[in-house]
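Please look through the sequence and the model shown here before reading on. The briefing below is meant to help a first-year student find the main features.

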Amino acid sequence: MMRLLAMVWVCLMAVLTSAHNPTAGGGGGHKGYSLGIRDSIMIAHSFEGPQFGPAQEMHGATYTVDAEFKTDALVEKSNWVVDIGAASEMLAAVLSKYNFKNLNEIFPGQNTTTEFMCKVIFDELAAKCGKDFHGTLCIKLWESHKAWGCYEGDVGEEVDEA
Ligand SMILES: *[C@@H]1O[C@H](CO)[C@@H](O)[C@H](O)[C@H]1NC(C)=O
């Protein structure tokens, strides 16, 4: 729980810092467009180590999964950030690998924390959408209405900004 709170705190500070420093790099100071889609997965897993407390026992989680696409420029003519239908299908395809699965079996030797799964989903969705989307992708997994983890990174080919 302390680890989770620390993670939430770090994310909160990152948000506050970027709000006070809109020119910060790495997408932290994003001021352009965004488009978000939402899906969910139901999984089972357990963690290893006393620091995980009761979560050492096998338990289930239904994650709400938010994918947010951020960019400074809309795609010409279509005036969209990303094709929402295609993006939704790509996210669903990525999540289908994990839905109703025991993550311990898919990732042996790993503690499949919320943050860990954010990066897994980010990498797989980024690989799928990189042809059609250039910008920042943020994957956020809500483990309840009280807590979430996120992973954010740049996607697609670098566009030179003169
Ligand atoms: C999970 O994390 C604990 C604490 O850091 C560690 O001791 C353990 O080896 C990890 N388990 C796996 C399967 O990686």
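What follows describes the sheet, the helices that lie against it, the nonpolar core and the surroundings of the ligand.

This is a predicted model, in which local features need pLDDT of at least 70 and side-chain atom pairs count only at pLDDT 80 or more, while totals for chains, interfaces and linings use all residues. Residues are numbered from 1 along each chain as its sequence is written.

**The sheet**

- Five strands form an open sheet in the order β3-β1-β2-β4-β5, with mixed pairing; strands are DSSP runs of E with at least two residues, helices are runs of H or I with at least four, and both are numbered from the N terminus, while two strands pair if DSSP finds at least two bridges between them.
- Because β3 (101-102) and β5 stand at the edges, each with a single partner strand, one side of each is left without a neighbour in the sheet.
- β1 and β3 are paired in the parallel sense over two bridges, and I43 stands opposite K101 in β3.
- β2 and β4 run antiparallel and are joined by seven bridges, with T64 opposite W142 in β4.
- β4 and β5 pair in the antiparallel sense over eight bridges, form a hairpin with five residues between them, and place K140 opposite C150 in β5.
- Strands of a sheet pair through backbone hydrogen bonds, either parallel or antiparallel.

**Helices against the sheet**

- α2 lies across β1 and β2 and runs at about 20° to β1, where angles run from 0 to 180 degrees between N-to-C directions and axes are lines fitted to C-alpha atoms, for helices over the stretch in contact.
- α4 packs on the sheet and touches β2, β4 and β5, its direction making about 30° with that of β5.

**The nonpolar core**

- The largest nonpolar core (a set of buried Ala, Val, Leu, Ile, Met, Phe, Trp, Tyr and Cys residues joined through C-beta atoms within 7 Å) has 30 residues, of which A67, C118, I121, L125 and I139 touch the most other members.
- The largest share of this core, seven residues, comes from α4.
- Six of the eight residues of β4 are buried, meaning that 20 or more other C-beta atoms, placed from the backbone, lie within 10 Å of a residue's own.

**Around the ligand**

- The residues around the ligand, each with its C-beta atom, placed from the backbone, within 6 Å of it, are E48, G49, Q51, G109, Q110 and N111.

Technical notes. A residue is buried if 20 or more other C-beta atoms lie within 10 Å of its own, exposed if 12 or fewer, and partly exposed in between; C-beta atoms are placed from the backbone. Two residues are in contact if their C-beta atoms, placed from the backbone, lie within 7 Å.
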